[in-house]
Amino acid sequence: MRNKIVLWMLICSNSALANDFYEDTKASLWTRNYYYDRNYIEESSVPALKEWAQGFLLNVESGYTSGKIGLGLDLQAMAGFKLHADKNETGAQLLPVNSITREATNSYGKIGLTAKAKYSKTNVRIGTIMPFTPVVFSSRARLLPQIFRGIELQSKDVNNTLITLGWLDKVNQRDSSNYENIKITGANGKFIPATTENMYYLGFQYNIDKDNLFGAYATDVTDLYQQAVIMTKTNYKINDHLNFLTDLKLYHSDEDGKKKAGPVDNTLFAGNFSINTGLHTFSAGILNSFGKTGFPYLSGGEVLFFLDGVSTDFLNPKEQVLSLRYDVDLKEMLSGAKMAIRYSRGDNIYLPKLGGTDLTEDEWAFDLQYTVPEDVQYFHGLSIRTRYAIYDNNFSSRASFKPDKELRIGIDYTWKF
């Protein structure tokens with residue numbers, strides 16, 4: 001793959017082809033200062049996870065060479081630096097940690113190169129891939145993003161439709177400098193944490209208009225699991241001041257090939273229903289999990305639906321979840337400020353090896369964010385986000401998710417060149 005990228009660089013260096021390649025190049029430096037503080041309520045071998053770090057991501061996106069088929073090259077250079085991490089409290093996934101000494105590294109970095117080609121409204125990317133689909137997406141929930149190695153094609157040649165096809169064989173996790181095999185999550189012992197040699201994904205999204213869409217996606221994680229999803233989003237305008245919004249996804253997952261992760265048998269319905277009136281949004285969401293196992297997803301990431309659990313995934317076998325949320329735009333008091341409050345409870349959880357067959361979990365989550373408005377002369381785009389959560393369950397102490405209180409503070413800023 002390196003040889004292919006070098007070849008593309010040589011092609012793009014031809015001055016007769018490269019005018020648009022250089023003239024349309026865009027660059028930005030994204031910075032993130034991140035503090036993570038999780039304190040376990042019950043006795044645990046690790047009483048807390050506390051890390052503080054500074055991250056940088058330089059992103060350079062070239063234009064395309066002129067001609068019927070345009071060629072280009074993108075670069076991502078990332079670095080993270082430790083500000084504080086005691087060896088007794090590491091493991092928050094902000095920084096790489098020595099598995100023996102538990103010491104967090106002082107700094108780490110990674111480089112991503114992506115060769116790309118464009119024909120009409122179809123783009124092909126080879127190298128560093130950051131997918132964003134309901135079956136696989138690049139997580140940005142820590143200091144630096146999770147990145148994959150592979151090939152992705154995206155096309156908008158069909159009107160109002162985005163078609164995506166991809167192949168991945170390695171992942172570089174959020175707190176790592178190295179590529180490794182893609183692995184299924186083993187949280188709460190739902191699956192054997194086995195790895196795969198590669199995975200495929202494909203799907204489409206059709207936009208009926210700017211507020212309504214439907215789509216379908218599927219993935220085959222070789223020898224681990226297969227997963228398919230159908231989805232729809234709607235925004236119904238009741239009157240000038242009131243909108244009713246829905247976000248619905250239906251997943252089905254089962255085992256694949258050699259079944260290295262063990263049995264996989266899950267159907268999951270994720271539905272979110274919202275009423276928006278001006279600055280206020282009230283939402284009620286449900287997750288219903290059916291089948292013999294929990295919901296499978298890739299290790300080191302999350303699942304792309306409405307419920308973003310802070311201290312848990314809410315994806316255990318047979319789990320039934322109700323989530324209530326209130327969002328408010330505080331621009332009348334302070335332009336750029338927003339707040340959200342959410343309560344989520346999961347019942348009917350089937351974990352016989354971790355406490356029982358009718359277990360429960362719940363989480364309160366509070367989110368306050370301020371982004372400097374664009375009309376402010378200095379520091380527009382600076383964003384400060386604070387998240388606080390209180391999580392509880394009645395699982396065994398051997399479970400992956402434990403009762404805790406958690407605080408996250410992230411300060412993001414981007415310079416564009």
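In which strand does Trp364 lie? In this predicted model, Trp364 belongs to strand β18, and the views below begin with the surface around this residue before turning to the cavities.

**View 1. A nonpolar patch on the surface includes Trp364.** Five residues, namely Ile41, Trp364, Phe366, Tyr388 and Ile390, make a nonpolar surface patch of about 430 Å². Two strands, β18 (356–371) and β19 (383–393), each supply at least two residues of this patch.

**View 2. Trp364 of strand β18 is partly exposed.** The relative accessible area of Trp364 is 39%, and because partly exposed covers the range between the limit for buried, under 20%, and the limit for exposed, over 50%, Trp364 is described as partly exposed.

**View 3. The largest cavity has a volume of about 130 Å³.** Two cavities of 30 Å³ or more are counted in the model, and the largest of them is lined by 17 residues. Among these, Val135, Val136, Tyr297, Leu298 and Glu302 lie nearest the centre of the cavity. When the lining of the largest cavity is divided by residue character, twelve residues are nonpolar, four are polar and one is charged.

**View 4. The second largest cavity holds about 30 Å³ of space.** The residues that line this second cavity are Gln146, Phe148, Val171, Gln173, Ile182, Lys183, Leu298 and Ser299. Four of the lining residues are nonpolar, three are polar and one is charged. Leu298 deserves attention when Views 3 and 4 are read together, since Leu298 lines the largest cavity and also lines the second largest cavity.

Key:
Residues are numbered from 1 along each chain as its sequence is written. This is a predicted model: local features need pLDDT of at least 70, side-chain atom pairs count only at pLDDT 80 or more; totals for chains, interfaces and linings use all residues. Side-chain values use heavy atoms; hydrogens and water are left out. Patches are made of residues with over 30% relative accessible area and no salt bridge: like charges are joined within 9 Å, nonpolar side chains (Val, Leu, Ile, Met, Phe, Trp, Tyr) within 5 Å. Accessible areas come from the Shrake-Rupley method with a 1.4 Å probe; for residues, only the protein chains shown count as cover. A salt bridge is a side-chain nitrogen of Lys or Arg within 4 Å of a carboxyl oxygen of Asp or Glu. Helices (H or I, at least four residues) and strands (E, at least two) are DSSP runs, numbered from the N terminus. Buried means under 20% relative accessible area, exposed over 50%, partly exposed in between (1.4 Å probe, protein chains only). On a 1 Å grid over the protein atoms alone, a cavity is a set of points where a 1.4 Å probe fits but cannot get out, and a pocket is an open set with protein on both sides within 12 Å along at least five of seven lines; lining residues have an atom within 4 Å of a point. Grid points are joined across faces, edges and corners, and a volume is the space filled by probe spheres set on the points. Ala, Val, Leu, Ile, Met, Phe, Trp, Tyr, Cys and Pro count as nonpolar, Asp, Glu, Lys and Arg as charged, and the others, Gly among them, as polar.
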